[in-house]
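Hi,

Here is the structure I promised to pass on to you. Have a look at it first, and then read on for what I found.

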Amino acid sequence: MRRFVPMLLTALAMMMAGCEKKTQPASTETDTSKQAAQGSGGTAPATPTPAPGTPVPTPPANSNTILLGVATSLTGGQATFGVSTRNGIDMAVKEANAADALKGKKLEIRVYDDQGKPEEAAQAVTRLITQDHVVLILGDVASSNSLAMAEKAQAAGVPMITPSSTNPAVTEKGEYIFRVCFIDPFQGFVMAKFARENLKANKVAVLQDNKSAYSIGLTDVFTRKFTEMGGKITSTESYSQGDTDYRAQLTAIKKTQPDAIYVPGYYSEVGVIARQARELGLKVPLLGGDGWDSEKLFELGGSAIQGSYFSNHYSPENPDPRIQKFVSEYKAAYGGVPDALAALAYDAANVAIDALKKAPDTSGKALRDAIAQTKDFPGIAGTVTLDEKRNAVKPAVVLKVGDGKTEYVTTVNP
Ligand code: PHE
């Protein structure tokens, strides 16, 4: 009971602050909280009461403050991606400020919710650049969103680091766009090799999300690699993000009697696909990519998804003390085991902070050049060395879906 008292007081204080503000013109911050409230399906209240996941307004930047922009999916079908990403960045920034990493300057982040939509992601970046004057942008997760963001960041000459978008086209947008994760030509190869060598699969069917650049890209690579390794793709079916009935595609797949089904989509759809596959009597394992990584996968997929495998960036079970320290500190601060999104976001923010330390000034050009130099940077989701195409080259892990958690299976090196 006693724990609720401070919360009530805080809520009261926020309501009062909101009332006082009513007569003032809407600020950027107020807009942001409205946007997030609407994104979660509700209408914006007259007195904005921050909903979970609502960006916390940050004071305007002054000469002692360095502002970093974040655009990510805090609401919508990829909400857990955005929340983990924001948490990972928040953690890195707090640590840097506590350690006075920038010698008297304080780092702040401004976070916009793109609702998992490319148009919103593009708009968020435009706003971060033209209104907030951020020095650098971090985000997003889903490649389709990052593609839209990269276009704007590149045109404005503001460096952008995506923590976790794996589609190759993202960094191909230009020399200001970086990532701290591997790319899908590698990730698709990893799962093809695993299917062929570990599972001894001869025939695999594919079920792709035709609204996602990520899913289409992975389907392509997996198909090519699995065939090169002597396997056969029995059929390729498609769905659109947000669909809820996959029975027609799964029935068609069942007829081809595959040894496994590759489903390179996002957790929100994959969980439901797993249930419907089992209902239709399809018992073979499902295989996927990093897009499965969410605590929600267990909830949505239940026992239907157990025993399936996906490629990912790191395993929170890794006994390395540095990783276990990150896992326990994250748990204490944000609750829950940090997924790959949180780890990669933490890494991306730390790469950005490292560049800020090394760059002679905070101009786009100086920061871009500093980021491009990143070499042997010790991340949580592997060591980051950026190649000439501004991608990180690092190993992938294969995880097995268990009861409410993932189990580490193997690591595949590039
Ligand atoms: N790689 C995915 C994409 O590019 C995003 C993702 C990364 C999702 C890591 C989950 C974990 O769309």
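Before the details, one convention: the angle between a helix and a strand is taken between their N-to-C directions and runs from 0 to 180 degrees, with axes fitted to C-alpha atoms. Please also keep in mind that this is a predicted model.

With that in hand, helix 3 (residues 79-98) lies across strand 1 (65-72), strand 2 and strand 3, and runs at about 170° to strand 2. Helix 4 (residues 118-130) also lies across strand 1, strand 2 and strand 3, with an angle of about 170° to strand 1.

These strands belong to an open sheet of five, in the order 2-1-3-4-5, with parallel pairing. Strand 2 (106-113) and strand 5 (177-179) each have a single partner, so one side of each has no neighbour in the sheet. From one strand to the next, the twist averages 25°. Further in, strand 3 (residues 136-139) and strand 4 (residues 160-162) pair in the parallel sense over two bridges, and Leu-138 has Ile-161 in strand 4 as its bridge partner.

Now for the ligand. Of the 14 residues around the ligand, Ser-143, Ser-164, Thr-166, Tyr-214 and Asp-290 come nearest. The shell consists of six nonpolar, six polar and two charged residues. Both domain 1 (31-46 + 58-182 + 322-394) and domain 2 (184-312) supply at least three residues to this shell.

As for the protein chain overall, it has 13 helices and 14 strands, and buried residues make up 50% of its 414 residues.

Best wishes

Technical notes. Residues are numbered from 1 along each chain as its sequence is written. This is a predicted model: local features need pLDDT of at least 70, side-chain atom pairs count only at pLDDT 80 or more; totals for chains, interfaces and linings use all residues. Helices (H or I, at least four residues) and strands (E, at least two) are DSSP runs, numbered from the N terminus. A residue is buried if 20 or more other C-beta atoms lie within 10 Å of its own, exposed if 12 or fewer, and partly exposed in between; C-beta atoms are placed from the backbone. A residue is near a molecule or strand if its C-beta atom, placed from the backbone, lies within 6 Å of it. Ala, Val, Leu, Ile, Met, Phe, Trp, Tyr, Cys and Pro count as nonpolar, Asp, Glu, Lys and Arg as charged, and the others, Gly among them, as polar. Domain bounds come from an automatic or database domain assignment. Two strands pair if DSSP finds at least two bridges between them. Two residues are in contact if their C-beta atoms, placed from the backbone, lie within 7 Å.
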